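Got your viewer open? Here is a short tour that tells you what to select next and what you will find there.

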Amino acid sequence: MKIVYIFLILLILPTKVLALKLTKLNVDLSYPWGMTWVSSDKLLITEKKSHEIILIDTSNNTYQKIDHNLPIKGDRQGGLLDIISEDNNIWITGSIEKENGYTTAVFKSKLENNKLVDSQLIFEALPYIPNQVHFGSRMTIKGEHLYVSIGERGKGMIAQDPTNAIGSIIRINKDGSIPDDNPFVDKPDWLPAIYQIGVRNPQGMDLDPLTKKVFISNHGPKGGDEINIIKKGANYGWPLATFGIDYDGSIISKDTTIVGAEDPIYYWTPSIAPCGMNFYNSDIIPEWKGNLFLGALAGKHLNKITIENNKVIDEQRLFQGLGRFRQVIEGPEGYLYFVTESPGQLFRIKPSG
């Protein structure tokens, strides 16, 4: 049995000291990626590299592996990625392989007796590309629709090509069919699943429960990480507009904004490598209600972001040094949970009282 570590954290706010209890839970993780609640005390976590799914019982601090037969292939930035749920329906993204190429795929399954059953491939982002970078991918549910981010696979201008899904936000029905009101269903040269184009590598997505807008975080190159709001039929501009430069120092684009493209509501230069994100909507920690929490991989911290009128007005960097923050999620009881890699850990944040 691993030791469960508990830390008392004092956060200094402008008007008070906020006392929180940070607990490291008893679970062996390596490269955790996605998280979803399937009951009030049962949490599923995907492991990117081993392609395993872990079920954690947070009430008694135990865990087990979940059986599945998803045909996940790939390592590097690919593998088993995001996971979300509704009732006993589970949606999962990951990289799959065909003829030495890879792409981002979406599967729908059911959770029965601690096993995934009736798994179906409901979307694959064509074309398959022979590398293993920039898959995305995050999901969120809004009403009857599933939003999925698809990375541009390191291919740059492919994100401006609307005939394929690479480098886009797609919107599908929960069974994988195409909504009749998608913006380009009547355009023969556009993929009907596309909701918005021009993204690089979005690894964070969440629905703001107050405004009902879907937000994403988007990895820039060397600088230029972004927070964006999804808008029907819009273009985020990558790679024609960016606040970053290439890794070798060369200029990708001289433009940070272009006519016809949506600007980010916030960006980071230098990069923090933003990843999973979650709007906190509980009264358990009232000082945090309405804030956006976002993991940072390169920055190795948890961002607490305050947004008003679609503008970021404050950013705080919390819990620095615990590892690469991959995903954060609110629990059913109102506590905040996050996972890190290097090392792989699951933490819970709750009031200390």
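We'll go through a sheet, a core, a loop and some salt bridges, and keep in mind that this is a predicted model.

**Stop 1: the open sheet**

Start by selecting β3, β4, β5 and β6. These four strands make an open sheet, in the order β3-β4-β5-β6, with antiparallel pairing. At the edges you'll see β3 (32–37) and β6 (62–66), each of which pairs on one side only. Going from one strand to the next, the twist averages 25 degrees.

Now zoom in on β3 and β4 (residues 42–47): they run antiparallel and are joined by four bridges. Click on Trp-37, and opposite this residue you'll find Leu-43 in β4.

**Stop 2: Ile-53**

Stay with the sheet and pick Ile-53, which sits in strand β5 (residues 53–57). Is Ile-53 buried or exposed? Its relative accessibility is 1%, so Ile-53 counts as buried.

Show what surrounds it. Setting aside neighbours within four places in sequence, the contacts of Ile-53 include Leu-44, Ile-45 and Thr-46, as well as Gln-64, Lys-65 and Ile-66. Also among its contacts are His-68, Leu-80, Ile-92 and Leu-116. For a distance to draw, try the C-alpha atoms of Ile-53 and Lys-115: the gap is 9.7 Å, with the two positions 62 residues apart along the chain.

**Stop 3: the largest nonpolar core**

In soluble globular proteins, nonpolar side chains tend to be buried together. Here the largest nonpolar core has 18 residues, and the ones touching the most other members are Phe-123, Leu-146 and Ile-170. To see where the core comes from, colour β10, β11, β12 (145–150) and β13 (168–173), the elements that each give two or more residues. Its largest share, three residues, is supplied by β12.

Select Phe-123 next. Not counting neighbours within four places in sequence, Phe-123 is in contact with Thr-104, Ala-105, Val-106, Ile-150, Ala-165, Ile-170, Ile-172 and Ala-193.

**Stop 4: a loop asparagine**

Move to the loop between β10 (115–124) and β11 (136–142), where you'll find Asn-131. With a relative accessibility of 19%, Asn-131 counts as buried, the cut-off being under 20%. What does the side chain of Asn-131 reach? Look for the backbone nitrogen of Val-133, at 3.2 Å. Leaving out residues up to four places away in sequence, Asn-131 touches Tyr-102, Arg-153 and Lys-155.

**Stop 5: salt bridges**

The structure has 14 salt bridges, and a few make good stops. First show Glu-86 and Lys-174, whose side chains meet at 2.8 Å, N to O. Glu-86 belongs to strand β7 (residues 80–86) and Lys-174 to the loop between β13 and β14 (194–197), so this pair ties together parts that are 88 residues apart in sequence. Glu-86 is partly exposed at 29% relative accessibility, while Lys-174 is buried at 12%.

Then go to Arg-326 and Glu-341, a salt bridge with its closest N and O atoms 3.2 Å apart. Arg-326 is in strand β23 (residues 324–330) and Glu-341 in strand β24 (residues 336–341), so the pair ties together parts 15 residues apart in sequence. Both count as buried: Arg-326 has a relative accessibility of 3%, and Glu-341 has 4%. Finish this set with Asp-41, Lys-42 and Asp-57, which salt bridges with shared partners join into one network.

For a last click, try Lys-254 and Asp-255, where the closest N and O atoms of the salt bridge are 3.5 Å apart. Lys-254 counts as exposed at 75% relative accessibility, and Asp-255 as partly exposed at 27%.

Note on methods. Residues numbered from 1 in each chain as written. Predicted model: local features only at pLDDT ≥ 70, side-chain atom pairs only at ≥ 80, totals over all residues. Heavy atoms only, no water. Buried < 20%, exposed > 50% of the residue type's maximum accessible area, 1.4 Å probe, protein only. Polar contact = N/O pair within 3.5 Å; in protein donor to acceptor, adjacent residues only side chain to side chain. Contact = heavy atoms within 4.5 Å. Core = buried A, V, L, I, M, F, W, Y, C linked by side-chain atoms within 4.5 Å. Pairing = 2+ DSSP bridges. Axes fitted to C-alpha atoms, helices over the stretch in contact; angles between N-to-C directions. Salt bridge = Lys/Arg side-chain N within 4 Å of Asp/Glu carboxyl O.
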